[in-house]
Amino acid sequence: MNDAGSPPKPKRSATDHLANERTFLAWVRTAIALMAFGFVVVKFALFVKQVSLVLGEGEALPDQQSSAAVGIFLVVLGAAVSLLAFFRYRRIEKQLDTTGYSPSKRLSVLLALAIVVCSILLVLYLVPRM
């Protein structure tokens, strides 16, 4: 306790801030990678659709439509991860300035679950085509 009777403020070093910023940037890189992968999936689906139209196959196959849906989902997931990473960064900054850091694993668990679900869906999509 200090002279005013309030608990002392934790000392916040530059290394704490920089570590928080590095973590935020790692989340941003992950979000950009998810969005880029989603963009590639959507563009590939459009390419396959154009090739099928040129070859006279007619309408897009259901696989092409589901590929576009998966790509859009990945872009949305990347945007959501980016937004959640920003909120996490701000919360930790506030904790470092006031009460001290207390870890939360929600964002990590959420991203891990989303990637596992995407992996399972991709396996279910790819296995029948082997």
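**Figure 1. Leu-74, a buried residue of helix α2.** Leu-74 is buried, since its relative accessible area comes to 5%, and buried here means under 20%. This residue sits in helix α2. Let us also look across to Val-42, which lies 32 residues away along the chain from Leu-74. The C-alpha atoms of these two residues are separated by 9.6 Å. Please keep in mind, here and in every view below, that this is a predicted model.

**Figure 2. Ala-68 and its partner Val-42.** Staying in helix α2, we come to Ala-68. With a relative accessible area of 23%, Ala-68 is partly exposed, because that class covers values between 20% and 50%. Which distance separates the C-alpha atoms of Ala-68 and Val-42? The separation is 4.6 Å, although the two residues are 26 positions apart along the chain.

**Figure 3. Ala-36 in helix α1.** Now we move to helix α1, where Ala-36 is placed. Its relative accessibility is 40%, so Ala-36 counts as partly exposed. Gly-78 is 42 residues from Ala-36 along the chain, and 8.6 Å lies between their C-alpha atoms.

**Figure 4. A nonpolar patch on the surface.** Five side chains are worth picking out here: Phe-44, Phe-47, Val-51, Val-54 and Leu-55 form a nonpolar patch on the surface. Together they offer about 550 Å² of accessible area. One of them, Leu-55, is found in the loop between α1 (14-54) and α2 (62-97). Is Leu-55 buried or exposed? Leu-55 counts as exposed, because its relative accessibility is 63% and the class begins over 50%.

**Figure 5. The second largest pocket and its lining.** This pocket has a volume of about 170 Å³. The elements giving two or more residues to its lining are α2 and α3 (106-126). Which element gives the most to the lining of the second largest pocket? That is α2, with 4 residues. If you would like to select the lining yourself, take Leu-84, Phe-87, Arg-88, Arg-91, Ser-104, Arg-106, Leu-107 and Leu-110. Sorted by class, the lining has 4 nonpolar, 1 polar and 3 charged residues. As background for reading such a view, rolling a probe the size of a water molecule over the atoms shows where empty space is left.

**Figure 6. The whole chain, for orientation.** To place the close-ups, here is the overall layout: the chain has 3 helices and 0 strands. Followed along the sequence, the pattern reads α-α-α. How much of the chain do buried residues make up? They account for 24% of the 130 residues, and Leu-74 from the opening view is buried.

Terms used: Residues numbered from 1 in each chain as written. Predicted model: local features only at pLDDT ≥ 70, side-chain atom pairs only at ≥ 80, totals over all residues. Heavy atoms only, no water. Patch = residues over 30% accessible without salt bridge, like charges linked within 9 Å, V, L, I, M, F, W, Y side chains within 5 Å. Areas by Shrake-Rupley, 256 points an atom, 1.4 Å probe, with all protein chains shown as cover. Salt bridge = Lys/Arg side-chain N within 4 Å of Asp/Glu carboxyl O. Buried < 20%, exposed > 50% of the residue type's maximum accessible area, 1.4 Å probe, protein only. 1 Å grid on protein atoms, 1.4 Å probe; cavity = no way out; pocket = protein on both sides within 12 Å on 5 of 7 lines; lining within 4 Å. Points joined across faces, edges and corners; volume = space filled by probe spheres on them. Nonpolar A, V, L, I, M, F, W, Y, C, P; charged D, E, K, R; others polar.
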